[in-house]
Amino acid sequence: GIEVNSSNLIIKNCRFIDNLYSGINIRFDNINISNCTMAGNGDSGIFTYDANMLNVTNCLIVNNVNSGINMVFNSPKLFKIVNCTISANKIGASIYN
């Protein structure tokens, strides 16, 4: 997978499949993910830690060992998930504050 170490990033038309850990690991703000597939990863399809303004649109997030999307926040954050299929993960989406 990839680890996002920058803000204001667009990830579009990508596939993150069969990675040892998460497909995408995010720790920064204003990340837009669209038209991507996260499948069969060893942890989560998307993992975020204290990221603000996460937008996930038109994505397929399936068959990941842990969560489809796992969001951990130290304080309330803004996120939007639109028109995504999140299926056959241990947990669809988890939010921890």
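**Exercise 1. Pairing in the sheet that contains E8**

Which residue stands opposite Leu-54 in E8? Place the pair in its sheet, and describe the edges of that sheet.

*Solution.* The structure is a predicted model, and the steps below read its features from the strands outward. The residue that stands opposite Leu-54 in E8 is Ile-31. The next step is to look at the strands concerned: strand E5, which covers residues 31-34, is joined to E8 by four bridges, and the two run parallel. These strands belong to an open sheet of four strands, whose order is E2-E5-E8-E11 and whose pairing is parallel. At the edges stand strand E2 (9-12) and E11, and because each has a single partner strand, one side of each is left without a neighbour in the sheet. Averaged over this sheet, and with direction ignored, neighbouring strands are turned by 5° against each other.

**Exercise 2. A second open sheet**

What is the order of the strands in the open sheet that contains E3 and E12, and is Phe-16 buried or exposed?

*Solution.* The order is E3-E6-E9-E12, an open sheet of four strands with parallel pairing. Its edges are strand E3 (15-17) and strand E12 (85-87), each of which has a single partner strand, so that one side of each lacks a neighbour in the sheet. Neighbouring strands here are turned by 0° against each other on average, with direction ignored.

The pairing at the E3 edge can then be followed residue by residue. E3 pairs with strand E6 (residues 37-39) in the parallel sense over three bridges, and within this pairing the bridge partner of Phe-16 in E6 is Met-38. Phe-16, which is found in strand E3, has a relative accessibility of 8% and therefore counts as buried, since the cut-off for buried residues is under 20%. As a check on distance, Phe-16 and Thr-57 lie 41 residues apart in sequence, while their C-alpha atoms are 15 Å apart in space.

**Exercise 3. From E4 through E7 to E10**

Which bridge partners do Asn-25 and Thr-48 have?

*Solution.* Begin with strand E4 (residues 24-26), which pairs with E7 in the parallel sense over three bridges; here Asn-25 has Phe-47 in E7 as its bridge partner. E7 also pairs with E10, again in the parallel sense, over four bridges, and in E10 the bridge partner of Thr-48 is Met-71.

**Exercise 4. The salt bridge**

How many salt bridges does the structure hold, and where in the chain do the partners lie?

*Solution.* The structure holds one salt bridge, in which the side chains of Lys-77 and Asp-50 meet at 3.7 Å, N to O. The pair links distant parts of the chain, 27 residues apart: Lys-77 lies in the loop between strand E10 (67-72) and strand E11 (79-82), and Asp-50 in the loop between strand E7 (46-49) and strand E8 (54-57). Lys-77 counts as partly exposed because its relative accessibility is 23%, and Asp-50 counts as partly exposed because its value is 22%.

**Exercise 5. Surface and loop residues**

Which residues form a nonpolar patch on the surface, and where is Asn-8 placed?

*Solution.* The nonpolar patch consists of Phe-79, Ile-81 and Ile-95, which together have about 250 Å² of accessible area. Of its members, Ile-95 is found in strand E13 (residues 91-96), and its relative accessibility of 48% is why Ile-95 counts as partly exposed.

Asn-8 is placed in the loop between strand E1 (2-4) and E2, where it has a positive phi of about 60° although it is not a glycine; at 57% relative accessibility, Asn-8 counts as exposed. Asn-58, likewise not a glycine, has a positive phi of about 55° and is found in the loop between E8 and strand E9 (60-62). With a relative accessible area of 32%, Asn-58 is partly exposed.

**Exercise 6. The protein as a whole**

How many helices and strands does the protein have, and how does its radius of gyration stand to the globule rule?

*Solution.* The secondary structure comes to zero helices and 13 strands. The radius of gyration is 12 Å, close to the 13 Å that the globule rule gives for 97 residues, so the protein is as compact as a globular protein of that length. Along the principal axes, the C-alpha atoms fill a box of roughly 30 × 25 × 25 Å, and buried residues make up 39% of the 97 residues.

Key
Residues are numbered from 1 along each chain as its sequence is written. This is a predicted model: local features need pLDDT of at least 70, side-chain atom pairs count only at pLDDT 80 or more; totals for chains, interfaces and linings use all residues. Side-chain values use heavy atoms; hydrogens and water are left out. Patches are made of residues with over 30% relative accessible area and no salt bridge: like charges are joined within 9 Å, nonpolar side chains (Val, Leu, Ile, Met, Phe, Trp, Tyr) within 5 Å. Accessible areas come from the Shrake-Rupley method with a 1.4 Å probe; for residues, only the protein chains shown count as cover. A salt bridge is a side-chain nitrogen of Lys or Arg within 4 Å of a carboxyl oxygen of Asp or Glu. Buried means under 20% relative accessible area, exposed over 50%, partly exposed in between (1.4 Å probe, protein chains only). Two strands pair if DSSP finds at least two bridges between them. Axes are lines fitted to C-alpha atoms, for helices over the stretch in contact, and angles run from 0 to 180 degrees between N-to-C directions. The radius of gyration is taken over C-alpha atoms; the globule rule is 2.2 Å times the number of residues to the power 0.38.
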